[in-house]
Amino acid sequence: MKRNPVIPFAIIAVLGILTMIVLSIVGLDQYQDIQEAGEEGSQQEESGEGGGEETASDDPEAIFQNNCASCHGGDLSGGAGPNLQEVGSRYSKDEIKEIIINGIEGTAMPGGLVEEKEADLLAQWLSEHQ
């Protein structure tokens, strides 16, 4: 009995196409979350313009979505950056704040993306994820 040599290539092609479709759907969900957070941030900025001095956001999740989600994923699951879903079990609030402010040398994690007040709120919020 002779096997058809095209079948393994066809199976690989079908699996590749299915994988691309699944990844696209997952990416769309994260893109929508980031867009929604961006719209919320824009509304907060617009409402804060009349007060003169710009104030830091009081919503750590919005801060995360606006500054960190592009690398760490909208649901903290990671992407270009590491998974942060259980970061509170690995680092203390102070250690997380230090990383947010100064970044991590030798990695793609930059420092200074948020102001100190926002970094404090964000570190507190992230430290609760255990």
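**Annotated binding residues and a helix pair**

Met109 is partly exposed, with a relative accessible area of 25%, a value that lies between the limit of under 20% for buried residues and that of over 50% for exposed ones. In this predicted model, Met109 belongs to the loop that runs between helix H4 (93-102) and helix H5 (116-127). When neighbours within four places in sequence are left aside, the residues in contact with Met109 are His72, Ile99, Ile100, Gly103 and Ile104.

Met109 is also one of the residues covered by a "binding site" annotation in an unreviewed UniProt entry, together with Cys68, Cys71 and His72. These residues span 42 residues in sequence, yet no two of their C-alpha atoms are more than 10.3 Å apart, so they gather at one spot. Of the annotated residues, Cys68 and Met109 are included in the lining of the largest cavity.

Cys71, another member of the annotated set, is placed in helix H3 (residues 69-72). A relative accessible area of 37% makes Cys71 partly exposed. Not counting residues up to four places away in sequence, Cys71 touches Gly78, Gly79, Ala80 and Gly81.

Helix H5, which follows the loop containing Met109, packs against helix H2 (residues 60-67) at an angle of about 105°, and the two axes are 9 Å apart. Angles of 65 to 115 degrees count as roughly perpendicular, and H2 and H5 are therefore roughly perpendicular to each other. Pro60, Glu61, Ile63 and Phe64 of H2 make the contact with Glu118, Leu121, Leu122 and Trp125 of H5. Six of the residues in this contact are nonpolar, two are charged and none is polar.

Notes
Residues are numbered from 1 along each chain as its sequence is written. This is a predicted model: local features need pLDDT of at least 70, side-chain atom pairs count only at pLDDT 80 or more; totals for chains, interfaces and linings use all residues. Side-chain values use heavy atoms; hydrogens and water are left out. UniProt positions are given in the numbering used here, feature names are shortened, and annotations may be inferred rather than shown by experiment. On a 1 Å grid over the protein atoms alone, a cavity is a set of points where a 1.4 Å probe fits but cannot get out, and a pocket is an open set with protein on both sides within 12 Å along at least five of seven lines; lining residues have an atom within 4 Å of a point. Helices (H or I, at least four residues) and strands (E, at least two) are DSSP runs, numbered from the N terminus. Buried means under 20% relative accessible area, exposed over 50%, partly exposed in between (1.4 Å probe, protein chains only). Contact means heavy atoms within 4.5 Å. Axes are lines fitted to C-alpha atoms, for helices over the stretch in contact, and angles run from 0 to 180 degrees between N-to-C directions. Angles under 35 degrees count as roughly parallel, over 145 as roughly antiparallel, 65 to 115 as roughly perpendicular and the rest as oblique. Ala, Val, Leu, Ile, Met, Phe, Trp, Tyr, Cys and Pro count as nonpolar, Asp, Glu, Lys and Arg as charged, and the others, Gly among them, as polar.
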